[in-house]
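Work through the exercises below with the structure open. Each task is followed by a solution in steps.

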Amino acid sequence: MPILFVPSHLNVDESQMIAGVFTLRHDPVFWRSVDTQTAGPLNVYAAWIPTALSGVNAYFGIRLLALLLGGATVLLLGWALRMVFPERIARISTLIMLGSFAFAVDSDLVHYASELVPLFLISLGTAGLTRCFTGGHRSWLWVAGLSLGAVPFAKLQGAPIAFWIGMCGVGFLAGTGGDGQRRPILIGLLIAGALTVPLFF
């Protein structure tokens with residue numbers, strides 16, 4: 001549990017997110033009152049509850065959030081692997097991911113980084129697409145689109161990754177989306193999900 005127990009210098013990103021939460025309490029308009037550089041509002045909004053609950057010890061709450069996001073990412077990608085690969089391969093691959101989170105002690109990896117929320121969103125999008133393509137309900141397409149469309153509002157550098165995962169989903173649907181009448185509906189569902197967060201902001 002290096003995120004909670006390895007002593008290291010506080011990272012600037014982590015402090016910036018906490019400062020953003022405190023600032024938004026007084027002026028809730030994100031781009032007017034908070035500048036997180038390439039990180040977007042979802043990183044700060046995600047930190048709102050744990051920072052508020054932990055009070056003066058905001059760093060403890062935000063580290064717990066980092067731990068939850070890392071764990072959720074591993075679980076989502078492990079779930080996606082189990083849908084595609086044999087159980088043994090999926091478990092070994094998940095163990096490697098878990099080891100990466102569990103034993104990283106570099107100061108850039110044990111704080112609440114601006115990459116954790118987009119990593120979680122990309123993992124959710126990947127798992128949603130995988131679930132739909134392996135026989136799940138088509139509502140997973142909207143969930144996948146929603147999470148992938150939210151990535152640029154968490155971290156700008158994650159946008160190309162989310163875009164290409166979404167385009168792979170569109171390509172897969174165009175090629176194997178059942179009969180010709182159903183394909184546009186499924187592609188539209190994925191695109192509608194992807195546009196929800198941008199239209200909201």
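The exercises concern a predicted model and cover aromatic pairs, salt bridges and a pocket.

**Exercise 1. Classify the aromatic pair of W79 and W140, and state which parts of the chain the pair links.**

Solution.
- A pair of aromatic rings is described by the distance of the centres and the angle of the planes.
- For W79 and W140 the centres are 5.4 Å apart and the planes make an angle of 55°.
- Planes under 30 degrees apart count as stacked and over 60 as edge-to-face, with the rest tilted, so this pair is tilted.
- W79 belongs to helix α6 (residues 58-84) and W140 to helix α9 (residues 139-150). With the two positions 61 residues apart in the numbering, the pair links distant parts of the chain.
- Both rings can be placed by accessibility: W79 has a relative accessible area of 31% and is partly exposed, and W140, at 25%, is partly exposed.

**Exercise 2. Which geometry do the rings of F163 and W164 have?**

Solution.
- The ring centres of F163 and W164 lie 5.3 Å apart.
- Their planes meet at 80°, so the pair is edge-to-face.
- F163 is partly exposed at 47% relative accessibility, whereas W164 is exposed at 55%. The cut-off for exposed is over 50%, which is why the two residues fall in separate classes.
- For the wider count, the structure holds 8 aromatic pairs. One aromatic cluster is formed by F30, W31, Y45, F153, F200 and F201.

**Exercise 3. Describe the salt bridge of E14 and R63: where do the partners lie, and are they buried or exposed?**

Solution.
- The side chains meet with an N to O distance of 2.6 Å, and a salt bridge requires this distance to be within 4 Å.
- E14 lies in helix α2 (residues 12-26) and R63 in helix α6, so the bridge ties together parts 49 residues apart in sequence.
- Both partners, E14 and R63, are buried.

**Exercise 4. Find what separates E87 from R91 along the chain, and name the network that includes them.**

Solution.
- E87 and R91 form a salt bridge, with the closest N and O atoms 2.8 Å apart.
- Both residues are in helix α7 (residues 87-103); they are 4 residues apart, so about one helical turn separates them.
- E87 is partly exposed at 35%, and R91 is exposed at 55%.
- R82 joins E87 and R91 in a network of salt bridges.

**Exercise 5. Locate the partners in the salt bridge of E115 and K155.**

Solution.
- The closest N and O atoms of E115 and K155 are 3.6 Å apart.
- E115 sits in the loop between α7 and α8 (116-133), and K155 in the loop between α9 and α10 (159-176). The residues are 40 apart, and the pair links distant parts of the chain.
- E115 is partly exposed at 42%, but K155 is buried at 9%.
- The structure has 5 salt bridges by this rule.

**Exercise 6. Which elements line the largest pocket, and what is the character of the lining?**

Solution.
- The volume of the largest pocket is about 260 Å³.
- Its lining has 14 residues, with L148, A162, F163, G166 and A194 nearest the centre.
- Helices α9, α10 and α11 (182-200) each give two or more residues to the lining. The largest share, 6 residues, comes from α10.
- By class the lining has 11 nonpolar and 3 polar residues, and no charged ones.

Technical notes:
Residues numbered from 1 in each chain as written. Predicted model: local features only at pLDDT ≥ 70, side-chain atom pairs only at ≥ 80, totals over all residues. Heavy atoms only, no water. Phe/Tyr/Trp six-rings, centres within 6.5 Å; stacked < 30°, edge-to-face > 60°. Buried < 20%, exposed > 50% of the residue type's maximum accessible area, 1.4 Å probe, protein only. 1 Å grid on protein atoms, 1.4 Å probe; cavity = no way out; pocket = protein on both sides within 12 Å on 5 of 7 lines; lining within 4 Å. Points joined across faces, edges and corners; volume = space filled by probe spheres on them. Nonpolar A, V, L, I, M, F, W, Y, C, P; charged D, E, K, R; others polar.
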